[in-house]
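Welcome! Here is a short briefing to help you find your way around a protein chain that may be new to you. Please take a moment to look at the sequence and the model before reading on.

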Amino acid sequence: MRKAVVPLLLLMLLSSCAVYTVGEGKEGIRLPEKVSVPETRYSIIRDEGLDITKYLSNPTLDEFPYYFDFSESNMENDGKGTLSAVFFHIDGKSDKEKESMISSLGNLDPDFIIISGSPDDAYDIARMTGRNALVTEKGAVLSLYPMVENDDDEGLYAINDEKRISVGVYDIPSELPESGSEYLSYLENKESGNVHTSSIGESALYALSSDEPGYDDWSLFTPYKYRIDRSFPIARIYIRRGWQDAWRETHYDGDTDPGATRTSGEVAERLEQLYFKNLIPSKSTLITLSGNEGKAVYFEFLMP
């Protein structure tokens, strides 16, 4: 009797498995929905006249300027509210450091992010933030406002149908020595750097990473022992040609508000400088960026 029962049980077990596999098992299968994948072969992108820069993840930045359109440039401002810009210098940062720098900006959400230094680093930050970028040989201007014109180091942006502002950037490479006497010697012997003083628009903002301090930064009453009473050629040229120094216009003087963006040993100087024309300054302050040695300059302003 036992011999007859065992085959019967096996037969029932196999039958139940077969029913599950074909019936319930088939009903449980869920095929993925078909999706359309955009064609990304270079030949197709080129032949259809698409914007190749939208498909680049690691572009070769060997021609400047280059405009990268990462998003729709349809932002518009009534021109009556406050606009803002943040400016900092970077060079040779890792992706993790760049992400930390972006996080350090917090909820500021500036209208313009201006970066001097490595164009590769500037491109990466544009990609990470999703902002369109005019990448120049010496940095980049990032914004969601539409750019309507540009030259080698400056873009003209439409704030609304009536108002335009040109925003540019330039970097004069320099390294701060740790000793005040060495820095004085460097300033005495250095060559004059290139100076940009023209602008596309009547209202303009120009970010300069200089190799010398800003306007009225040194005086006889300075708390820095190595400083003497002197002015600096580059800053003097900007002022004489009608530009205004954003930090100097919103702070009392260089002694009480030095605004140093870079520090090395006993030397601390304001090398990141923002100059403007036909804007109404509101305030400026320094921001410490995680992952970056230098500080950023944050500037708020109105357009007349």
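This is a predicted model. A good place to start is helix α4, residues 119-129, which lies across five strands: β1, β2 (83-90), β3 (112-117), β4 (132-136) and β5 (139-143). Relative to β5, helix α4 runs at about 15 degrees.

**The chain as a whole**

- In total, the chain has 7 helices and 15 strands.
- Of its 304 residues, 44% are buried.
- Take the contacts between residues at least 6 apart in sequence: 70% of them join residues at least 24 apart.
- About 16,700 Å² of the chain is exposed, and carbon and sulfur atoms supply 50% of that area.

**The open sheet**

- The strands that helix α4 crosses belong to an open sheet of 7 strands, in the order β1-β4-β5-β3-β2-β15-β14.
- Pairing within this sheet is mixed.
- At the edges are β1 (66-68) and β14 (280-288), each of which pairs on one side only.
- On average, and ignoring direction, neighbouring strands of the sheet are turned by 15 degrees against each other.
- Edge strand β14 is joined to β15 (residues 295-302) by 8 bridges, in the antiparallel sense.
- To see one of the pairs, look for isoleucine 287, whose bridge partner in β15 is alanine 296.

**The largest pocket**

- The volume of the largest pocket is about 480 Å³.
- Which residues lie nearest the centre of the largest pocket? They are His89, Asp91, Ser174, Glu175 and Arg262, out of 23 residues that line the pocket.
- Both β2 and β11 (262-264) supply at least two residues each to the lining of this pocket.
- Strand β11 gives the most to the pocket lining, with 3 residues.

**The cavity**

- How many cavities of 30 Å³ or more are there? The count comes to 1.
- The largest cavity holds about 50 Å³ of space.
- Its lining is made up of Ala246, Trp247, Gly259, Thr261, Arg270, Glu272, Gln273, Leu274, Leu286 and Val297.
- Two elements, α7 (246-250) and β13 (272-277), give two or more residues to the lining of the largest cavity.
- Strand β13 gives the most to the cavity lining, with 3 residues.

Terms used. Residues are numbered from 1 along each chain as its sequence is written. This is a predicted model: local features need pLDDT of at least 70, side-chain atom pairs count only at pLDDT 80 or more; totals for chains, interfaces and linings use all residues. Side-chain values use heavy atoms; hydrogens and water are left out. Two strands pair if DSSP finds at least two bridges between them. Helices (H or I, at least four residues) and strands (E, at least two) are DSSP runs, numbered from the N terminus. Axes are lines fitted to C-alpha atoms, for helices over the stretch in contact, and angles run from 0 to 180 degrees between N-to-C directions. Contact means heavy atoms within 4.5 Å. Buried means under 20% relative accessible area, exposed over 50%, partly exposed in between (1.4 Å probe, protein chains only). Accessible areas come from the Shrake-Rupley method with a 1.4 Å probe; for residues, only the protein chains shown count as cover. On a 1 Å grid over the protein atoms alone, a cavity is a set of points where a 1.4 Å probe fits but cannot get out, and a pocket is an open set with protein on both sides within 12 Å along at least five of seven lines; lining residues have an atom within 4 Å of a point. Grid points are joined across faces, edges and corners, and a volume is the space filled by probe spheres set on the points.
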